[in-house]
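Visitor: I keep hearing words like "buried" and "exposed" for parts of a protein. Can you show me a structure and explain where such words come from?

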Amino acid sequence: MRRHWQWQRLCAPDSSRQDNPVESAGPSSGTGDEQGNRADGADDGETMTQGVLRKIDRRLIPLLFVTYMLNFMDKTILSSASVFGLPEDTGLHGQEYSWVSSIFYFGYLAWSYPTTLLIARLPPAKYMGSNTLFWGAVVALTAACTDYDGLLSVRFLLGVAEATVTPTFVFVTSTWYTRDEMPVRTGIYLLAFGIGHIHDSVGPWRWMFIILGGATFLWAFVLLRLLPDSISSASFLTPAERQFASDRAVVAGTGRTEGARWRREQVVECLVDPKTWFLLALELLTQIPNGGTQNFANLVIKSFGFSSLQSTLINIPYSMLSAAAIAGTGYLAGRYRQANCLLLAAAVLPCVVGSALIYARDSTSRGVQMLGYFLLSAGPAAMPLALSLVQVNYRGVTKKMTATALLFVAYCAGNIAGPQLFRSSEAPLYATAFRTIMVCYALVVVLALALRVYLKWVNARRAGEEGFAEPSSQAYEDVTDWKAAGFRYRY
């Protein structure tokens, strides 16, 4: 009992923010000496927590951040290349550029679930590093493409390569951090989404792919050298710190991940869990707009009357706004436990307005059109918020990894569909695309609020059934959120 109470204090030092009866449970009586000893132990534990967390952050966050930045730069460089000669040099016409954009996500979709199984079974750091070598080589090979078929091949393989990145990071974050810490850390490394869009594209398009592909290939060796496979193999922590880090992530996180095995019953539970389908719908509806605007951004800006170079430079403040939205919502999601769904709805509201302004561009000035475009910059904040909802609301390694894989199935489906809405026959206005974007983001607002209501209802029902039950030791093992007594959802 004493050991468990201490872990509650160590893993959730800000007691004013406790919403989970299990995480805030503690003894209500005791002698003065006992209470003094407990207070001293809690202070020592909090000091240990802060020291270990700093070490973990210093090692993991830079590795995750740079990898994610390269991930988005390699993925979105196609948009910049599109205004610097790629379509002309490779003979693209009609909807072929849209299919070059979409084929990436067919590769991503094909490898999404197999890679989640491998992440849980193989040493994740070595698997991620080896995958990054392949990923960098594929990006560099894009420079050798001379026709439509070649571009389709390398873009499909790039999708296969990059399908491993985010699921691995979800696994790593769930392994090392508590539920309170996950949203902030996810927001930090997903800041790279915004920064990854900032690149100087004034050179020939082939050099863009060669340079970024080479940088990604070399970065793989850094990952192989510095990213630990597990807490128990982390050489930058002492043996006592490794044990402490493992215990705190298990008690105040979402269960033990090390040594877990694939469980069929957890897959079934994930598929019948209503919140899974809420999250899939949210991801699909946020990624349909993303798939289009990510690949057609420079062409849309150019249609406002700007040159190729100007369209690339305009994306710099756009990317900075995206980074600010991701950072701000990530911080708030970590600071306020029950604000995630509200933040998701708030992030996409400007996008509803922005897409409406661009859709009505025939009757608006160029300045208003640019305002509409910049309002779309808040949209990328939706993805880290959705990932955070998966990270903090799913227990059980197989269930969480299945939910992650399904989330990326929806991610791929949205990004496959998005570019197809930008019909070449409607250029440069793309009326169908921006009308669809407006509707998708409006539906996201409704679904995010509905998910919040559902999770609040489930928490109230479980509180009525369980009261303030003390979790058993089994609750810290590889069991799901449905079976973990005292588990409460974040919304």
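Guide: Sure! Start with helix α13, where Arg264 and Val272 are exposed on the face turned away from the buried side. Keep in mind that this is a predicted model.

Visitor: Which residues make up the buried side of α13?

Guide: Those are Gln266, Val267, Glu269 and Cys270, in a helix that covers residues 264-272.

Visitor: How do you know that they line one face of α13?

Guide: Look down the helix axis: the buried residues fall within an arc of 165 degrees, so they line one face. There's a general idea behind this: an α-helix has 3.6 residues a turn, so residues three or four places apart point the same way.

Visitor: What about α11, and which of its residues are buried?

Guide: Quite a list: Trp205, Met208, Phe209, Leu212, Gly213, Thr216, Trp219, Ala220 and Leu223. Down the axis of α11 they fall within an arc of 130 degrees, so they too line one face of the helix. On the other side, Trp207, Ile211, Leu218 and Arg225 are exposed.

Visitor: What span does α11 have, and what span is expected?

Guide: Its 22 residues, 205-226, reach 32 Å from first C-alpha to last, and that's close to the 32 Å expected at 1.5 Å a residue.

Visitor: Why is Cys341 called buried?

Guide: The word needs a relative accessible area under 20%. Cys341 has 1%, so it counts as buried. Cys351 has 0%, so Cys351 is buried as well.

Visitor: How many disulfides are there?

Guide: Zero. To count, a pair of cysteine sulfur atoms must lie within 2.5 Å, and by that rule the model has none.

Visitor: Why is Leu157 called partly exposed?

Guide: Partly exposed lies between the 20% and 50% cut-offs. Leu157, in helix α7, has 38% relative accessibility, so it gets that label. Leu157 also belongs to a nonpolar surface patch with Trp99, Phe106, Phe134 and Phe156, and together they have about 420 Å² of accessible area. Helices α5 (96-121) and α7 (148-162) each supply at least two of the patch residues.

Visitor: What makes Tyr430 stand out?

Guide: Its phi is near 50 degrees, a positive value in a residue other than glycine. In general, most residues other than glycine have a negative phi. You'll find Tyr430 in the loop between α19 (397-420) and α20 (431-466).

Visitor: Is Tyr430 buried or exposed?

Guide: Tyr430 has 7% relative accessibility, under the 20% cut-off, so it counts as buried.

Key:
Residues numbered from 1 in each chain as written. Predicted model: local features only at pLDDT ≥ 70, side-chain atom pairs only at ≥ 80, totals over all residues. Heavy atoms only, no water. Buried < 20%, exposed > 50% of the residue type's maximum accessible area, 1.4 Å probe, protein only. Helix = DSSP H or I, 4+ residues; strand = E, 2+ residues; numbered from the N terminus. Expected span 1.5 Å × (residues − 1). Arc of directions from axis to C-beta. Patch = residues over 30% accessible without salt bridge, like charges linked within 9 Å, V, L, I, M, F, W, Y side chains within 5 Å. Areas by Shrake-Rupley, 256 points an atom, 1.4 Å probe, with all protein chains shown as cover. Salt bridge = Lys/Arg side-chain N within 4 Å of Asp/Glu carboxyl O.
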